[in-house]
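Hello,

Here is the structure I promised to pass on. Please open it and keep it in view while you read my notes below.

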Amino acid sequence: VQLVESGGRMVQTGDSLRLSCTASGGPFSSWIMGWFRQAPGEEREFVAAIGLRGGSSKYADSVKGRSTISRDDSKNTVILQMVSLKPEDTAVYYCAADRVRSVYYTLADQIAEYDYWGQGTLVTVSS
C-alpha cells in the first residue's frame, strides 16, 4: 500500500490550500481516510477523517469550520481543503488509511487506529 500526499507549500495567513492524497495497492473504497499533522517540536495530531463513500466526517476543533475533507473513490483520492489558514496550521500533513473492520465503525482520531501512512507534505503559513 502506498499513500502519496501533495499540495503542500508556503502560503500567507488567510490563504486557502488544497491537499491531496492518492492511494495505491489496496481497496481504497473500504478504508476510512484521515489527515493528521505534525508541527515542529510537537506530536502528530488528528485533523480530519472521512468514512466510507464519504458518508460521514470528523474534524479536530482546531480546524472545524475552516476545513473540508472529501474523497473520490474512483480516483483513490482524499482531499483536504483548508481556508483562512493561520500560522499555527504550519505543519507536515500526513494522509492515513484505516482498514474498516466492522460495519459498526467509527471515525478514528487516534494515530494507533490507522494502518497505513504517507510520507507527508509540508504546509507553511507565514504571518
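W35 sits in β4, and A48 in β5 stands opposite W35. Bear in mind that this is a predicted model. The two strands, β4 and β5, run antiparallel and share five bridges. They also form a hairpin. Six residues lie between the two strands. One residue in that turn, G41, has a positive phi of about 75°.

Now look at the other pairing of β4. Eight bridges join β4 to β9, again in the antiparallel sense. One pair to find is G34 with its bridge partner A96 in β9.

Is β4 mostly covered or mostly open? Mostly covered. Seven of its eight residues are buried.

Next, the core. Nonpolar side chains tend to be buried together in soluble globular proteins. How many residues does the largest nonpolar core have here? The count is 35. The residues with the most contacts inside this core are M33, W35, V78, L80 and Y93. Several elements give two or more residues to the core: β3 (17–24), β4 (31–38), β5, β8, β9 and β11 (121–126). So W35, from the start of this note, turns up again among the residues with the most core contacts.

There is also an open sheet of four strands. Its order is β1-β3-β8-β7, and the pairing is antiparallel. Which strands stand at the edges? They are β1 (2–6) and β7 (67–72). Each has a single partner strand, so one side of each is left without a neighbour in the sheet. On average, neighbouring strands of this sheet are turned by 15° against each other, direction ignored. For β1, the partner to inspect is β3: five bridges join the two. Within that pair, E5 stands opposite C21.

Last, two loop residues deserve a look. Most residues other than glycine have a negative phi. R53 has a positive one, near 60°. You will find R53 in the loop between β5 (45–50) and β6 (57–59). R53 is exposed, with a relative accessible area of 71%. That puts R53 in the exposed class because the cut-off is over 50%.

S84 also has a positive phi, near 50°. This residue lies in the loop between β8 (77–82) and β9 (91–99). Is S84 exposed or only partly exposed? Partly, at a relative accessible area of 39%.

Best wishes

Notes: Residues numbered from 1 in each chain as written. Predicted model: local features only at pLDDT ≥ 70, side-chain atom pairs only at ≥ 80, totals over all residues. Heavy atoms only, no water. Buried < 20%, exposed > 50% of the residue type's maximum accessible area, 1.4 Å probe, protein only. Core = buried A, V, L, I, M, F, W, Y, C linked by side-chain atoms within 4.5 Å. Pairing = 2+ DSSP bridges. Axes fitted to C-alpha atoms, helices over the stretch in contact; angles between N-to-C directions.
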